[in-house]
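Colleague: I am new to this structure. Please take a close look at the aromatic rings for me, and then show me how the parts around them pack.

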Amino acid sequence: MTYGNDDFVPVLLGTGVGAYNIARSLHEAFGVRSLALGRVALRETSHSRIVDVRASREFDHPEAVVSHLLALADEFPGRTLLLIGTVEYYVNVLIDHREQLGERFVIPLVDRALADRLINKTDFYATCDALGVPHPRSVVLAPHAHGDASVGTDLPFAYPVILKPSNTDVYPRLSFEGKEKVYLLNDAAAVREVAERIFAAGYDDDLIVQEYIEGDESVMRVANTYSDRNGRLTFVSVGQVVLADHDPTMVGNNNAILAVDDPDLATSLGTLLNAVGYTGSANFDVMHDRRDGVSKVLELNLRQGATSYYAMAAGGNIPERIVRDWIYGTPLTYAATTQERLWLNLPYPLAVIYAPRGLRSRVRAAGRKGAKHTLWYRPDMSLRRLVNVVRVDLRYSLSTIKHAHRGMNR
C-alpha cells in the first residue's frame with residue numbers, strides 16, 4: 001500500500017469525519033493517500049481510496065498509541081512522517097509524548113504549557129481579558145465551592161446562564177446521569193444542583209458560569225485558523241452555523257455551515273494567537289452577540305474542526321498550508337476566506353428546510369453556487385463507499401428531523 005509521496009507520509013490519529021476532512025484536503029492538494037489510526041474503524045473513513053484505516057482497541061491507552069506510532073515509524077524508514085491529531089484526546093497524547101515521538105514524526109502542535117493555558121477555560125478567558133479579545137462575561141466556580149449555598153446567587157449577569165467545565169480533557173471521560181456538554185440553567189438552585197452532580201462524579205477542576213447569548217443558529221459561528229511554525233497567523237476562515245446538532249451528547253457539532261467574512265473577528269483571533277506565539281491549526285467556537293454586534297470567542301481547540309471543510313468550500317486548504325510550512329518550508333502569506341459558500345454534513349434540502357428563517361435566502365444563494373459535502377468526493381466514490389456515505393447522511397438527517405420536530409412540539 002502506497003501512502004504519501006516522496007516528500008511526506010500523512011499519518012492521522014482518528015477515523016471520523018475530521019480525519020476524512022484532512023485526508024481529502026491533502027488528496028486534493030497533493031494527490032496523496034493518508035493513513036488513519038484509531039480505536040475503531042468508522043463509516044466516514046471506511047472503504048476509501050484516499051485514506052487507509054488501522055484500528056486497535058488499545059488506543060484507549062496513551063502508551064499504546066505511542067507504541068503503535070513508534071512501530072509504524074519503523075515501517076517507513078527514512079521517510080518524513082507528518083502526524084496530525086483530529087480529536088482532543090489524540091492531540092493531548094501527541095503533546096504529552098512529543099519527546100518520544102518528535103525524532104520520528106513532524107508534529108505541528110504547541111507545547112504543553114501553552115496548550116494548558118488555552119484549553120483550560122479559566123486561563124483562556126483570563127488571557128482574552130488581558131489582550132482585549134471579546135468573550136461572554138464569565139464567573140469561575142472553583143471546586144472548593146462544592147456545597148456552598150450562595151453559589152449562583154450574585155452573578156453580574158441575568159439568568160438563564162450557561163454552565164460548562166473549564167477542563168475539557170477530564171470532563172469528557174466522566175460518566176454520570178444527566179451529563180451534557182454544556183448546561184442551560186434558569187436559576188441559582190439549578191446551578192448548584194448541576195455543579196454538585198459534576199463534582200460528585202469526580203470532576204475536580206473549575207466550572208464556568210457564563211452569560212447566555214440568546215438566539216438560534218444564526219448567532220453561532222466557528223473559526224478555523226492556521227499559524228505557521230514561527231507563531232504567525234497566516235490563515236483565517238469564519239463560518240456561520242446554519243444547522244447545529246441538537247442531540248444533547250453532540251452539542252458543539254454542526255451539520256451545515258456558511259463560510260462568511262468577519263474581519264473584526266479575524267483581527268481578534270490574530271491578536272490572541274500572535275500574542276501567545278501559537279503554532280498549528282486552531283478551531284474556535286464563537287457567538288455573534290446581537291446586542292452589540294460583536295463576535296465573542298467561547299473556546300479554542302488545538303486542531304482543525306471536524307467540520308472545517310467549509311473553509312475548503314470557500315477556497316482555503318488548511319492541511320495544504322501545514323505541508324507547505326512544515327514539509328517544504330515555503331513562506332506563507334496571510335489569507336482569509338471572504339466568499340459565502342455552503343458546507344453540508346447532510347442533504348442540501350434539509351439545510352434549506354431547517355435553517356433559521358433569517359438565513360434561508362443566504363443558504364439558497366450559496367447553494368446555487370455549489371454546496372460542498374466532506375464525504376461526497378467523486379474520486380473516492382466506490383459502491384461500498386457510497387453505501388456508507390448514504391448511511392452517514394441518513395443518521396444526521398434523522399437526528400435533525402427528530403430534534404426539529406421535538407422543538408416545534410414543546
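Modeller: Here is a walk through the rings, then the helix contacts, then some single residues.

Keep in mind that this is a predicted model. Start with the rings. The structure holds nine aromatic pairs. One of them joins F124 and Y125. Their ring centres are 5.7 Å apart, and the planes stand at 50 degrees. An angle over 60 degrees would count as edge-to-face and one under 30 as stacked, so this pair is tilted. Both F124 and Y125 are buried.

Now compare Y171 and Y203. Their rings also make an aromatic pair, and this one is edge-to-face. The centres are 6.1 Å apart, with 90 degrees between the planes. Where do Y171 and Y203 lie? Y171 belongs to the loop between β6 (161-165) and β7 (183-185). Y203 belongs to the loop between α7 (188-200) and β8 (207-211). The pair therefore ties together parts that are 32 residues apart in sequence.

Are these two rings' residues buried or exposed? Y171 has a relative accessible area of 3%, so it counts as buried. Y203 is at 2%, and it is buried too. The pair is also part of a wider group: ring pairs link Y171, F176, F199 and Y203 into a cluster.

Y171 has a charged partner as well. The charged end of K179 sits over the ring of Y171, 5.0 Å from the ring centre. A second case of this kind involves R385 and Y20. There, the charged end of R385 sits over the ring of Y20, at 4.3 Å from its centre.

Next to Y20 in the sequence is N21, which is in helix α1 (residues 17-30). N21 is buried, at 1% relative accessible area. Leaving out residues up to four places away in sequence, N21 touches Q304, G305, A306, S308, Y309 and T374.

Now the helices. Take α2 (residues 62-75) and α3 (residues 88-96). Their axes are 10 Å apart and pack at an angle of about 70 degrees. That falls between 65 and 115 degrees, so α2 and α3 are roughly perpendicular to each other. On the α2 side, P62, V65, V66 and L69 take part in the contact. On the α3 side, they meet Y89, Y90, V93 and L94. By class, this contact has eight nonpolar residues, no polar ones and no charged ones.

Helix α3 also meets α5 (residues 112-119). Here the axes come within 10 Å and cross at roughly 150 degrees. That is over 145 degrees, so α3 and α5 are roughly antiparallel to each other. N92, I95 and D96 in α3 meet R112, A115 and I119 in α5. This contact has three nonpolar, one polar and two charged residues.

L83 links back to both α2 and α3, since it touches L69 and L94. L83 itself is in strand β4 (residues 81-85). With 1% relative accessibility, L83 counts as buried. Other residues that L83 touches include V11, L13, L101, F105, V106, I107 and P108. The C-alpha atoms of L83 and P10 are separated by 6.3 Å, although these residues are 73 places apart along the chain.

Strand β9 (residues 220-227) offers another buried residue, T225. Its relative accessibility is 0%. T225 touches, among others, L233, F235, V236, L269 and L273. G280, S281, A282, F284 and I318 are also in contact with T225.

Last, two details of the backbone. Most residues other than glycine have a negative phi, and most peptide bonds are trans. What kind of peptide bond joins Y159 and P160? That bond is cis, with omega about 0 degrees. P160 is in the loop between β5 (138-141) and β6. H47 is the other case: it is not a glycine, yet it has a positive phi of about 50 degrees. H47 is in the loop between β2 (34-38) and β3 (51-55). At 36% relative accessibility, H47 is partly exposed.

Definitions and conventions:
Residues are numbered from 1 along each chain as its sequence is written. This is a predicted model: local features need pLDDT of at least 70, side-chain atom pairs count only at pLDDT 80 or more; totals for chains, interfaces and linings use all residues. Side-chain values use heavy atoms; hydrogens and water are left out. Rings of Phe, Tyr and Trp (its six-membered ring) pair if their centres lie within 6.5 Å; planes under 30 degrees apart count as stacked, over 60 as edge-to-face and the rest as tilted. Buried means under 20% relative accessible area, exposed over 50%, partly exposed in between (1.4 Å probe, protein chains only). Helices (H or I, at least four residues) and strands (E, at least two) are DSSP runs, numbered from the N terminus. A charge sits over a ring if NZ of Lys or CZ of Arg is within 6 Å of the ring centre and within 35 degrees of the ring normal. Axes are lines fitted to C-alpha atoms, for helices over the stretch in contact, and angles run from 0 to 180 degrees between N-to-C directions. Angles under 35 degrees count as roughly parallel, over 145 as roughly antiparallel, 65 to 115 as roughly perpendicular and the rest as oblique. Contact means heavy atoms within 4.5 Å. Ala, Val, Leu, Ile, Met, Phe, Trp, Tyr, Cys and Pro count as nonpolar, Asp, Glu, Lys and Arg as charged, and the others, Gly among them, as polar.
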